Amino acid sequence: MARYGMLIDTQKCIGCYTCVTACQRQNSLPATVQLIRFEERERGTYPNANYEMVPLQCMHCDDAPCQAVCPTGATYTNSDGVVAIDQGRCIGCKYCMAACPYQVRVCNEETGVVDKCRFCTVSANDGTVMCSCVEACLTGARMFGDLDDPESDISKAIVERGAKPIAGDLTEAKIFYVR
Amino acid sequence: MEFEPVWGVPIAMYLFLAGLGGGAFITSAFSQWMYPESATVRKIGRLIAPVAVAVGLVLLMFDAKAGFMNPLRFALLLHNPFSVMTWGVVFLAVFEVIALVSAIFEIRNKTVPRWLNRTGVAFGFAVAAYTGVLLGVVKTFPLWNNSLLPVLFVVSALSTGAASVMLGSLFVCRSEFERMWNLKKVHFFLPVIELALICALLFITGYVSVPAHDTVASLLSGRYALAFWLGLITVGLVVPTCIEAYPIYVTKRIETGSTSKWLSIGGECGVLIGGFLLRLLIILAALPVTIVS
């Protein structure tokens, strides 16, 4: 069993949205369903100012607030620490969308079911052909791997580059940011 | 990127109707206790309660599109005992059954048994309070994430429930209703308490964080200011309070004129509009916590 997580380097992100479309292709999503959203920030003051694009998606929190409120058990955490949605159980009440402080859950207007990042890279472990945000990123801003394995590339990178969750200890997030 | 509210008008209407249904039942129970002879007023409340909650539930199911298209999934709603929504479903289901059985008792001109009446009151309160707890546990929105909301929703539920019963009574059995002095007094005080609770809620929320402050600002002086000041505060709370206060504290007598009837009708309608706007504004105006700083 692993505990999968991701690292996103916003210093490398150019805001091209390739990850968004790659994700939509991988997961056969309609154009209106984007599992990655962006927040834009101006940082610093002139002349030492820069512009930052921050991609946000499901943080696969160990203490997922969405899972806590889901009345039907449609949201669950699998043995690899991936927060997942059983689409056949979701009634579309949107309580999870309200409970997720990162606002990264979206409702598929066609089916009424709520969706979010599936950490689809996990499926690549079985040799599946993938087109996930990690592979598609033009600048290599994303990394994926097992957070519990101290020898994994992502574990080493988080330590070396001082990556942190985007909102401190708001939740026990498994996506780490270099900013 | 501008934040888009998760829920909208149908859910605000549902929260309003669930509270109103609970409040109407409690108003009838209060009447049965204080004015056993006022049968028509009591009946009106007994009929409003199950109908209001049922309409609210239909709205709720309609809004939950995935469940609406696959109704069997609603059976899963009791799966997570740690979700407030699961408890809400239990409260709503039990309350709706009690309200329906009580309505059948009244229609057949039989007295609702005391134990059923009391259980109904308890579940009426539970339904009204749970709507506040449902929003209260959501950490995303500072306007919701506090313990004041369930109290505010209960007071508003009692107020709107009583207003719906009184509105019906004004048309159907005015003379019977005008004698129910204590009911009128209670109904006068509820909007006053509500006003104080709204002040406290906004004051406290305003100091929590930047998005919390922005939320309060949007209500007081931003995009929701007109609906807040004119709709909720003026039409929903202050005007009905003044209309109710006039016979209680100024003339101190039972009104029979048609001007007072239509003023009362206007006041009750104001309370109902205010009750709906309270939920709608709380749902729409709430801004989420800051994620990227």
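**Exercise 1. Classify Asn109(B): is Asn109(B) buried or exposed?**

Solution. This is a predicted model.
- Step 1: count the neighbours. Asn109(B) has 8 C-beta neighbours inside 10 Å.
- Step 2: apply the cut-off. A residue is exposed if 12 or fewer other C-beta atoms lie within 10 Å of its own. Asn109(B) therefore counts as exposed.
- Step 3: place the residue. Asn109(B) sits in the loop between H4 and H5 of chain B.
- Step 4: check the backbone. Phi of Asn109(B) is positive, near 55°, and the residue is not a glycine. Most residues other than glycine have a negative phi.

**Exercise 2. Treat Ser28(A) likewise: where does Ser28(A) lie, and is Ser28(A) buried or exposed?**

Solution.
- Step 1: location. Ser28(A) belongs to the loop between helix H1 (18-26) and E2 of chain A.
- Step 2: exposure. Ser28(A) has 7 other C-beta atoms within 10 Å, so it is exposed.
- Step 3: backbone. Although Ser28(A) is not a glycine, its phi is positive, about 50°.

**Exercise 3. Describe the hairpin of E2(A) and E3(A): how many residues lie between the two strands?**

Solution.
- Step 1: pairing. Strand E2 (residues 37-43) and strand E3 (residues 50-56) of chain A are antiparallel, with seven bridges.
- Step 2: register. Glu40(A) has Met53(A) as its bridge partner in E3(A).
- Step 3: turn. Six residues lie between the strands of this hairpin. Gly44(A), in the turn, has a positive phi of about 75°.
- Step 4: peptide bonds. Pro47(A) is in the loop between E2 and E3 of chain A. The bond from Tyr46(A) to Pro47(A) is cis, with omega near 5°. Most peptide bonds are trans.

**Exercise 4. Lay out the three-stranded sheet of chain A: which strands stand at the edges?**

Solution.
- Step 1: order. The sheet is open, runs E8-E1-E9 in chain A, and has mixed pairing.
- Step 2: edges. Strand E8 (142-146) and strand E9 (175-178) of chain A each have a single partner strand, so one side of each lacks a neighbour in the sheet. These two are the edge strands.
- Step 3: twist. From one strand to the next the twist averages 20°.
- Step 4: one pair in detail. Strand E1 (residues 4-9) of chain A pairs with E8(A) in the antiparallel sense, over five bridges. Gly5(A) has Gly145(A) as its bridge partner in E8(A).
- Step 5: packing. Helix H5 (residues 153-161) of chain A packs on the sheet and touches E1, E8 and E9 of chain A. The direction of this helix makes about 120° with that of E8(A).

**Exercise 5. Analyse the packing of H1(B) and H5(B): at what angle do the axes cross?**

Solution.
- Step 1: geometry. The axes of helix H1 (residues 9-34) and helix H5 (residues 114-136) of chain B come within 8 Å and cross at roughly 150°.
- Step 2: orientation. Angles over 145 degrees count as roughly antiparallel. H1(B) and H5(B) are therefore roughly antiparallel to each other.
- Step 3: handedness. H1(B) and H5(B) cross in the left-handed sense.
- Step 4: residues. The H1(B) side includes Gly19(B), Gly22(B), Phe25(B) and Ala29(B). Among the H5(B) residues they meet are Gly120(B), Gly124(B) and Ala128(B).
- Step 5: classes. The contact of H1(B) with H5(B) has nine nonpolar, nine polar and no charged residues.

**Exercise 6. Do the same for H10(B) and H11(B): how many charged residues does the contact hold?**

Solution.
- Step 1: geometry. Helix H10 (residues 225-251) and helix H11 (residues 258-285) of chain B pack at about 145°, with axes 8 Å apart.
- Step 2: handedness. The crossing of H10(B) and H11(B) is left-handed.
- Step 3: residues. H10(B) contributes, among them, Gly231(B), Val235(B) and Glu244(B). H11(B) contributes residues including Gly267(B), Gly270(B) and Gly274(B).
- Step 4: classes. There are 14 nonpolar, eight polar and one charged residues in the contact of H10(B) with H11(B).

**Exercise 7. Profile the contact between chains A and B: which helix gives the largest share of chain B's side?**

Solution.
- Step 1: totals. Chain B supplies 27 residues and chain A 30 residues.
- Step 2: elements. On the chain B side, helix H3 (65-69) and helix H4 (84-107) are the elements that give two or more residues.
- Step 3: share. H3(B) gives the largest share, four residues.
- Step 4: classes. The chain B side that touches chain A has 18 nonpolar, six polar and three charged residues.

Key. Residues are numbered from 1 along each chain as its sequence is written. Chains are lettered from A and ligands numbered from 1 in the order in which they are written. This is a predicted model: local features need pLDDT of at least 70, side-chain atom pairs count only at pLDDT 80 or more; totals for chains, interfaces and linings use all residues. Two strands pair if DSSP finds at least two bridges between them. Two residues are in contact if their C-beta atoms, placed from the backbone, lie within 7 Å. Ala, Val, Leu, Ile, Met, Phe, Trp, Tyr, Cys and Pro count as nonpolar, Asp, Glu, Lys and Arg as charged, and the others, Gly among them, as polar. Axes are lines fitted to C-alpha atoms, for helices over the stretch in contact, and angles run from 0 to 180 degrees between N-to-C directions. Angles under 35 degrees count as roughly parallel, over 145 as roughly antiparallel, 65 to 115 as roughly perpendicular and the rest as oblique. A crossing is left-handed if the near helix is turned anticlockwise from the far one by less than a right angle, and right-handed if clockwise. A residue is buried if 20 or more other C-beta atoms lie within 10 Å of its own, exposed if 12 or fewer, and partly exposed in between; C-beta atoms are placed from the backbone.
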